[in-house]
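I opened my notebook and jotted down what I looked up. Here is the model I had in front of me.

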Amino acid sequence: MLVLNHQHFHLQWTGTCIGIRNYLQFLLFIVSLWLGAAAVLLSSVYMLVSWVVCGATTNRHYLRILSLALTIPWTCLVLFMVGTLLSFHLYLILRGQTTNEYFRERRARKVLASPPGSPPGQNKA
């Protein structure tokens, strides 16, 4: 199957290959993931602060606080990872490159930088 401006191999998240025809949808998917995670983080922090300020007195409140204390770091990790992916794709858009072109260029630079006779990517003398 030919995919014009092939970005990625088959993605499990989307169930398809990413190319020129569906790149905008892929980008919007990443943006919506980031916005959803940001909404979860903001609401979790708000709930945690409001419960702590109001004074959690029952075991039920302590369990909610514990669940939020676990949710907040996890959501921060998701925000960081999805934000990194989003930043990378915005960078590629600014450069006018596909993901495959970027990594081919990067690999070619490593091969050219390595001394003759050494394995590619090792530029130590």
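My entries follow, one topic at a time.

**Ground rules**

This is a predicted model, so I noted that local features need pLDDT of at least 70 and side-chain atom pairs count only at pLDDT 80 or more, while totals for chains, interfaces and linings use all residues. Residues are numbered from 1 along each chain as its sequence is written, and side-chain values use heavy atoms, with hydrogens and water left out.

**Overall layout**

I looked up the secondary structure and got three helices and zero strands. Helices here are DSSP runs of H or I with at least four residues, strands are runs of E with at least two, and both are numbered from the N terminus. Along the sequence, the pattern reads α-α-α.

Next I checked burial. Buried means under 20% relative accessible area, exposed means over 50%, and partly exposed is in between (1.4 Å probe, protein chains only). Of the 125 residues in the protein, 26% are buried.

**Helix H1**

H1 covers residues 23-54, which is 32 residues. I compared its reach with the expected span, defined as 1.5 Å times one less than the number of residues. From first C-alpha to last, H1 reaches 46 Å, close to the 46 Å expected.

Which residues of H1 are buried? I wrote down Tyr 23, Phe 26, Leu 27, Ile 30, Ala 37, Ala 38, Leu 41, Ser 44 and Trp 51. I added a reminder from class: an α-helix has 3.6 residues a turn, so residues three or four places apart point the same way.

Right after H1 comes Gly 55, and its phi is positive, near 85 degrees.

**Far in sequence, what about space?**

I picked Leu 27, which sits in helix H1. Leu 27 counts as buried because its relative accessibility is 13%. Leu 27 and Leu 86 are 59 residues apart in sequence, yet their C-alphas are 7.5 Å apart in space.

Then I tried Thr 71 in helix H2. Thr 71 is partly exposed, at 29% relative accessibility. Its C-alpha is 8.0 Å from that of Leu 41, with the two positions 30 residues apart in sequence numbering.

**A patch on the surface**

I went looking for nonpolar residues on the outside. Patches are made of residues with over 30% relative accessible area and no salt bridge; like charges are joined within 9 Å, and nonpolar side chains (Val, Leu, Ile, Met, Phe, Trp, Tyr) within 5 Å. Trp 74, Leu 77, Phe 80 and Met 81 form a nonpolar one, with about 490 Å² of accessible area together. The areas come from the Shrake-Rupley method with a 1.4 Å probe, and for residues only the protein chains shown count as cover.

Is Phe 80 buried or exposed? Phe 80 lies in helix H2 (residues 59-95), and its relative accessible area of 57% makes it exposed.

**Salt bridges**

A salt bridge is a side-chain nitrogen of Lys or Arg within 4 Å of a carboxyl oxygen of Asp or Glu. How many did I find? The count comes to two.

One joins Glu 105 and Arg 95, at 3.3 Å from N to O. Glu 105 lies in helix H3 and Arg 95 in helix H2, so this pair ties together parts that are ten residues apart in sequence.

Glu 105 also forms a salt bridge with Arg 109, with the closest N and O atoms 3.0 Å apart. Glu 105 and Arg 109 are four residues apart in H3, so about one helical turn separates them. Through shared partners, Arg 95, Glu 105 and Arg 109 join into one network.

I checked exposure too: Glu 105 is partly exposed at 30%, Arg 95 is partly exposed at 36%, and Arg 109 is partly exposed at 46%.

**Gln 97**

Gln 97 sits in the loop between H2 and helix H3 (99-113). Gln 97 is buried, with a relative accessible area of 12%. Its side chain makes a polar contact with the side chain of Glu 105 at 3.0 Å. A polar contact is a pair of N or O atoms within 3.5 Å; within protein, one must be able to donate a hydrogen and the other to accept it, and residues adjacent in sequence count only if both atoms are side-chain atoms.
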